[in-house]
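Me: I have a model open and want a quick walk through it. Can we go piece by piece?

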Amino acid sequence: MDESLRTSGIENVGKIYWGTHIAQLYDSVEDFFNIAVSYITSGLKSNELCLWVYSQNTSFDEIIKFLEVHMDDADSYVKCGQLMLIPYTEIYIEDDTFNEVRANSRWKHYVEMALKEGYEGLRAVADTYWLEKSYYRTFERYEKNIQNTIPEMNFIVLCLYDVRRTDTLQIAEIIKNHSYVIIKNEHNFEVVRNVELQIKDRQLMQAHEHDQLKNEFMANVSHELRTPLNVILGTVQLLELRKTEEDTKEHKYIKILKQNCYRLVRLINNIIDITKIDADFYELKKQDCDIVNLVEEITVSVAEYALSKNITVDYDADTDKKVINCDPDQIERIVLNLLSNAIKFTPAGGKISIFMHDKAEKIELIVKDNGIGIPKDKQQRIFKRFEQVDKSLARHEGSGIGLSLVKALVEKHGGIIKLNSDEGKGSEFIVELPCNVQNIESYQCIDSTFKNSPEKINIEFSDIY
Ligand code: ADP
C-alpha cells in the first residue's frame, strides 16, 4: 500500500494523503464529537501522534469522557502521550491576540515531535470556536498558507467551524481552503470535495516522495563510493611513501591521482552532508570556542597556499577574542569553502581580505575578493544546489554544492549569509553568527583541526588547479 495514504476514519472521505486539510461545519458539539472521535481513533490505530486542540465550547474532561464511550483505551493513549489534548491558546493565541507566525511554528513543532518520537506523522483536530470576527481576515490568510505548506509535511488536520458563527463569505473561503468540507444535511453528514485542491495535494505529495527517494539513493550511493575511494587513496598514499627522489614523472602522476581522490572525497562528503541536512538528520557538535582565533588560524594556513597562486590574503579583526557556541569543524568548513571560492575566482595578482567584526550580539565574518565577481541576476541563485554562474565547458571546476552547504551550515548555527558583488570587481560574502555562549568560564581554546591534518585544506581546495 502507498504509505502516504492514511485512513481518515470519516465516512465519504475514506483514504487521504498526508497534507490533507479537512473542515467540518458543525452546529452542535455532538456533531463534531461524532466525526472527530472516529477520525482520531483511526490515527491512533495507524501509529500517528494525535492532537486535539479544543476551544471554549468544550473541555479536556468532556472530550476524554466522550472518547471513553467510543473506545476502551482512550486514557492509556493519553498516558503514553500518543493522544494530546491542548487548549486553543497553546497554538493560536499569544498576548490575547491571534498570532499567525506562532501558530505555524507550533504546528511545525508538533509534526517534528511526532516524527522524532517514531510516529508516522501528526493528525490534528483544531476547533476554531475561539475565532472572533476581528481575526477573520488574518485567519483566512493563515488557512490559505497552511493549505500551501502542509502537503510537504506528514500532517493532516480537521478544522472545526461553528456554522452559527460563520457567515456566507467565510463559508466560501472555508470551501476554497480545504480539500474536504463536512456539512450536516438534516441528520446526515455530507462531504463537499474541492477537486482542484485534492489533485494539487496528490501531485505535491508525489513530488515530495520522489524527492525523498532521490535523496536516499544519493546518500546510499555516496556511502558506497566512500569505501573503494578510501582504498584508492590509501594505495596512492603508499605509493607516495615509496616514491624515489628522482622520478619526477611518477611524482606528477601520484599528485594527479591524489588531487582527484580529494575532489571525490569532497564531493562525496558534501553530498552526504547536504542530504543529511535535507532530511533533518544533521547535528552540529557545538562547544564554546573563540571564533576570532579559529578564523585567524585558518586564514594564516591558507595564505601560503594562496601565495603560490600569486594571490595575497589579509586578515583583520576589530576584536582579539569572541567566544561563541558553535561547531568548530563546521565553522572551518564554512571559512575554507568561502576562501577556496575566493581563490578559484580571483586571478593571479588579486587580493582576498578576511575581516571579523564584533557586533556585540553577533559576530560578522567577511570574506572579500577582487576577483571576477558575480552578475546581479545570478546572485540569488548561487546559494541554491548545483548552481554555477558559468555552466559552460570553460568554467572552473566544481559541483555547485559548496555554497548551498555553507548556507545550510550557517543557518544551522542560527546565522545568515549575505552577498555583495559587482561583476568584474569582486565579491564579498558576509556571514553573521549569533553570539550565544554556554559557559564563558569553561570555554576551550580550539586549535583549528587542520593544524594537525593538512589533508583538510587539500580536500577543500581540491577543485583549484
Ligand atoms: P562550486 O563547487 O561550483 O564552486 P559553489 O556552490 O561553491 O560551487 O559556488 C557556486 C557558484 O558561485 C560558483 O560556480 C561560481 O560561479 C559562484 N561563486 C562562488 N563564489 C564566488 C566568488 N568568490 N567569486 C565569483 N564567483 C563565485
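Reply: Sure. One term to begin with: contact means heavy atoms within 4.5 Å. Also, this is a predicted model.

Me: Good. Which residues is Arg385 in contact with, leaving aside its neighbours within four places in sequence?
Reply: Ile274, Asp278, Gly400 and Ser404.

Me: Where does Arg385 sit?
Reply: In the loop between β16 (362–369) and α11.

Me: Is Arg385 buried, partly exposed or exposed?
Reply: Partly exposed, because its relative accessibility is 31%. The band for that class runs between 20% and 50%.

Me: How far is Arg385 from Leu405, C-alpha to C-alpha?
Reply: 8.2 Å. The two are 20 residues apart along the chain.

Me: Leu405 is in α11, I think. What does α11 pack on?
Reply: Helix α8 (residues 248–278) is one partner: its axis and that of α11 (residues 402–412) come within 10 Å. They cross at roughly 45°.

Me: What do we call that angle, and why?
Reply: α8 is oblique to α11. Roughly parallel would need an angle under 35 degrees, and roughly perpendicular runs from 65 to 115, so roughly 45° falls in neither class.

Me: Left-handed or right-handed crossing?
Reply: The α8 and α11 crossing is left-handed.

Me: Which residues meet there?
Reply: From α8, Asn270, Asp273, Ile274 and Ile277. From α11, Ser404, Leu405, Ala408 and Leu409. By class, that contact has five nonpolar, two polar and one charged residues.

Me: Ile274 and Ser404 came up before, right?
Reply: Right. Ile274 and Ser404 are among the contacts of Arg385. Ile274 also belongs to the α8 side of the helix pair, and Ser404 to the α11 side.

Me: What comes after α11?
Reply: A loop leads from α11 to β17 (416–422), and Gly414 is in that loop.

Me: Is Gly414 buried or exposed?
Reply: Exposed, because its relative accessible area is 54%, and the cut-off for exposed is over 50%. The C-alpha atoms of Gly414 and Pro434 are separated by 6.5 Å, with their positions 20 residues apart along the chain.

Me: Switching topic. What about α4 and α5?
Reply: Helix α4 covers residues 100–116 and helix α5 covers 136–149. Their axes come within 10 Å and cross at roughly 30°. The two helices are therefore roughly parallel to each other. Their crossing is right-handed.

Me: Which residues make that contact?
Reply: On α4, Glu100, Ala103, Asn104 and Trp107. On α5, Thr138, Arg141, Tyr142, Asn145 and Ile146. They divide into four nonpolar, three polar and two charged.

Me: Next up, Glu460. Where does Glu460 lie?
Reply: In helix α12 (residues 455–460).

Me: Is the Glu460 site buried or exposed?
Reply: Glu460 counts as buried, because its relative accessibility is 8%, and buried means under 20%.

Me: What does its side chain make a polar contact with?
Reply: The side chain of Arg266, at 3.1 Å. Beyond four places in sequence, Glu460 is in contact with Arg266, Arg333, Leu336, Asn337 and Ser340.

Me: And Ala306?
Reply: Ala306 is in helix α9 (residues 291–307). At 0% relative accessibility, Ala306 is buried. Ignoring neighbours within four places, Ala306 contacts Ile311, Val313 and Ile343. Its C-alpha is 9.3 Å from that of Leu339, and the two are 33 residues apart in sequence.

Me: One more residue, Ser179. Where is it, and what does it touch?
Reply: Ser179 lies in the loop between α6 (168–177) and β10 (180–185). Ser179 is buried, at 0% relative accessibility. Setting aside residues up to four places away, Ser179 touches Thr20, His21, Gln147, Val192, Arg193, Asn194, Leu197, Gln198 and Asp201.

Me: Zoom out. How many helices and strands does the chain have?
Reply: 12 helices and 18 strands. The C-alpha atoms fill a box of roughly 95 × 45 × 45 Å along the principal axes.

Me: What share of residues is buried?
Reply: 47% of the 465 residues.

Me: And sequence separation in the contacts?
Reply: Take contacts between residues at least 6 apart in sequence: 74% of them join residues at least 24 apart.

Conventions
Residues are numbered from 1 along each chain as its sequence is written. This is a predicted model: local features need pLDDT of at least 70, side-chain atom pairs count only at pLDDT 80 or more; totals for chains, interfaces and linings use all residues. Side-chain values use heavy atoms; hydrogens and water are left out. Helices (H or I, at least four residues) and strands (E, at least two) are DSSP runs, numbered from the N terminus. Buried means under 20% relative accessible area, exposed over 50%, partly exposed in between (1.4 Å probe, protein chains only). A polar contact is a pair of N or O atoms within 3.5 Å; within protein, one must be able to donate a hydrogen and the other to accept it, and residues adjacent in sequence count only if both atoms are side-chain atoms. Axes are lines fitted to C-alpha atoms, for helices over the stretch in contact, and angles run from 0 to 180 degrees between N-to-C directions. Angles under 35 degrees count as roughly parallel, over 145 as roughly antiparallel, 65 to 115 as roughly perpendicular and the rest as oblique. A crossing is left-handed if the near helix is turned anticlockwise from the far one by less than a right angle, and right-handed if clockwise. Ala, Val, Leu, Ile, Met, Phe, Trp, Tyr, Cys and Pro count as nonpolar, Asp, Glu, Lys and Arg as charged, and the others, Gly among them, as polar.
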